[in-house]
Amino acid sequence: MLRLRRTMTALLIVCLGLALLSACSTKRAGEESPGAGAASPGASAEPNKGDGKKVEIRYWRHDFAPEVQALQKMIQSFEAENPNIKVKMEVIPYGDYETKIRTALAAGNAPDVIGLDGPTLAAYAHQGAVIPLDAYFEADGNKEDIAAPVLASLTYKNQIFAAPLNDASIGMFYNKKLFEKNGIELPSKDPNQAWTWEQVLQAAQKINDPANKVYGIDPGWGLGEGEGSTFVKLPFIWQAGGEILSPDGTEVKGYLDSPESKRALSFFSSLYNEYKVAPKEIPPEAFETGKLGIVVNGPWAISGFATSHPDFKLGEDWDIAPLWKDAKQVTPNGSWNMAITKDSKQPDAAWKFVNWVTGVEGAKFWYQETKNLPARLSTASAIPELTEYPMNIFVEQSSKFAHPRPVTPAYPVITTAVSKLFADLGVAGRNVDEAVAEAVAAIDKALEKYR
């Protein structure tokens, strides 16, 4: 999930690259349309059974050593159970990943299976670059076991286009010693008892001591722009009852500029410019070194802190509470998934591999190897530590309070406009009405082509 900070560049590449794909993928006479290879219910069982032929599935994903190592183990076990299917995994540097995929798609030579980040799904689906998986899920994909918000993040125009490797969530991380020093009652660890914005603000005010370089809160990974920034800041809008787009994903006017959305944005701005409890420039490792009272972060940070600051101990120096709330309790969701491309000549075999990795048993193994938040409900119930603090906070939020980012091919423009909007309000203290109007105009222009 720390990779969210780098996703903005990838999103822009997808937007440009899939425009090229659209121009290069005109259907030839007699050729099946994208997605035509998707199986009817039951067709995914035992591909090539009995013919003795061995098929090769090409799988591309970005580099991230812990996950690659887990996948290597899963591929080995899959091939042992399915001797007629060979999986060739190619690991691509993150910075080159989207460029290589869109180039291969444009040339008609994409791999069978690709790793796909949540915000890029709609762009690929809109251009027919990946096939719908609904029939496969109905046949043997245990769709009912996938958390509803996760399934929503994988659905474009009422079709499912990817299978989830895992999910993501964030919580309120707080410096326990700073809370105790300032006489602040500790927040509940119950996922259903989130603090309100007002409670968070009051705690931040008591902790804030800029003269001694101690600050109350970092509400959203600083004021930089990019997908990571968007991911952690969007909940403010949803918590206030606002939205970014209409339910059908075609309109921004009346949603991002609604009274509810503007109230959320005004509160965010006030943390920096009125109450001054959030620093516009955050010292490095401020939370880990006792200089920051409250931050937003995800379960990946637990092992990160343990590695980088072993003396900064969970339960002694810091703790985790559910993410704050306003009119609603809402958290973000969405992470990396697996999709089958239009170029796959073996979609049934490709699905068998995808379902091996992301299915009920695969999801359990994936969590045990990577500690990524599971997307399947059965994983949480099967592994005791997921029902206990601190992981239960993220698991329950993911299943009860999660809200997917807008699933639209215009998402690259949306994330750019929204992250800039929050940055403008925090850094410059811009007028909310003017800043929102600018963001709405940019998003509306991008949506026009998809209406």
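**Figure 1. Tyr59 and its partner across strands β1 and β2.** In this predicted model, Tyr59 stands opposite Met89, a residue of β2. The two strands around this pair, β1 (residues 55-62) and β2, run parallel and are joined by 8 bridges. Strands of a sheet pair through backbone hydrogen bonds, in either a parallel or an antiparallel sense. Stepping back from Tyr59, you can follow an open sheet of 5 strands in the order β2-β1-β3-β12-β6, with mixed pairing. Its edge strands are β2 (85-92) and β6 (163-164), and each of them pairs on one side only.

**Figure 2. A four-stranded open sheet and its edges.** Here 4 strands line up as β8-β9-β7-β10, again an open sheet with mixed pairing. Why do β8 and β10 each have one side without a neighbour in the sheet? Both β8 (215-218) and β10 (318-321) stand at the edges with a single partner strand, so one side of each is left free of a neighbour there. From one strand to the next, the twist averages 20°. For β8, follow the 3 bridges that join this strand to β9 (residues 292-297); the two run parallel. A handy landmark on this pairing is Ile217, which stands opposite Ile294 in β9.

**Figure 3. Strand β7 and the two partners of Met172.** Strand β7 (residues 171-175) has 5 of its 5 residues buried, so the rest of the structure largely encloses this strand. With β9, β7 shares 4 bridges, and the two strands run antiparallel. With β10, β7 also pairs in the antiparallel sense, over 4 bridges. Met172 is a good residue to centre on: Val296 in β9 stands opposite Met172, and Ala321 is the bridge partner of Met172 in β10.

**Figure 4. The largest cavity and its lining.** The model holds 3 cavities of 30 Å³ or more, and this view is centred on the largest of them, with about 90 Å³ of space. Which residues line the largest cavity? Going along the chain, they are Gly118, Pro119, Ala122, Ser153, Asn333, Gly334, Arg405, Pro406, Val407 and Thr408. By residue class, this lining divides into 4 nonpolar, 5 polar and 1 charged.

**Figure 5. Two loop side chains that reach backbone oxygens.** Start with Ser258, in the loop between α9 (227-239) and α10 (259-273). Is Ser258 buried or exposed? Its relative accessible area is 8%, so Ser258 counts as buried. The Ser258 side chain reaches the backbone oxygen of Tyr255 at 3.0 Å. Now move to Thr289, in the loop between α10 and β9. Thr289 is partly exposed, at 44% relative accessibility. A polar atom of the Thr289 side chain lies 2.7 Å from the backbone oxygen of Glu285. Thr289 and Asp317 are 28 residues apart in sequence, while their C-alpha atoms are 10.0 Å apart in space.

**Figure 6. Lys233, a buried lysine in helix α9.** Lys233 lies in helix α9. At 1% relative accessibility, Lys233 counts as buried, because the cut-off for that label is under 20%. To find your bearings, look for Pro219: Lys233 and Pro219 are 14 residues apart in sequence and 7.6 Å apart in space, C-alpha to C-alpha.

**Figure 7. Backbone geometry worth a second look.** Most residues other than glycine have a negative phi, and most peptide bonds are trans. Asn158 is not a glycine, yet has a positive phi of about 65°. Asn158 sits in the loop between β4 (155-156) and β5 (159-160), and at 73% relative accessibility Asn158 is exposed. Lys276, another residue other than glycine, also has a positive phi, near 55°. You will find Lys276 in the loop between α10 and β9, where this lysine counts as exposed at 54% relative accessibility. Where is the cis peptide bond with omega near 5°? The bond in question runs from Tyr389 to Pro390. Pro390 has its place in the loop between α14 (377-382) and α15 (391-400).

Terms used
Residues numbered from 1 in each chain as written. Predicted model: local features only at pLDDT ≥ 70, side-chain atom pairs only at ≥ 80, totals over all residues. Heavy atoms only, no water. 1 Å grid on protein atoms, 1.4 Å probe; cavity = no way out; pocket = protein on both sides within 12 Å on 5 of 7 lines; lining within 4 Å. Points joined across faces, edges and corners; volume = space filled by probe spheres on them. Nonpolar A, V, L, I, M, F, W, Y, C, P; charged D, E, K, R; others polar. Pairing = 2+ DSSP bridges. Axes fitted to C-alpha atoms, helices over the stretch in contact; angles between N-to-C directions. Buried < 20%, exposed > 50% of the residue type's maximum accessible area, 1.4 Å probe, protein only. Polar contact = N/O pair within 3.5 Å; in protein donor to acceptor, adjacent residues only side chain to side chain.
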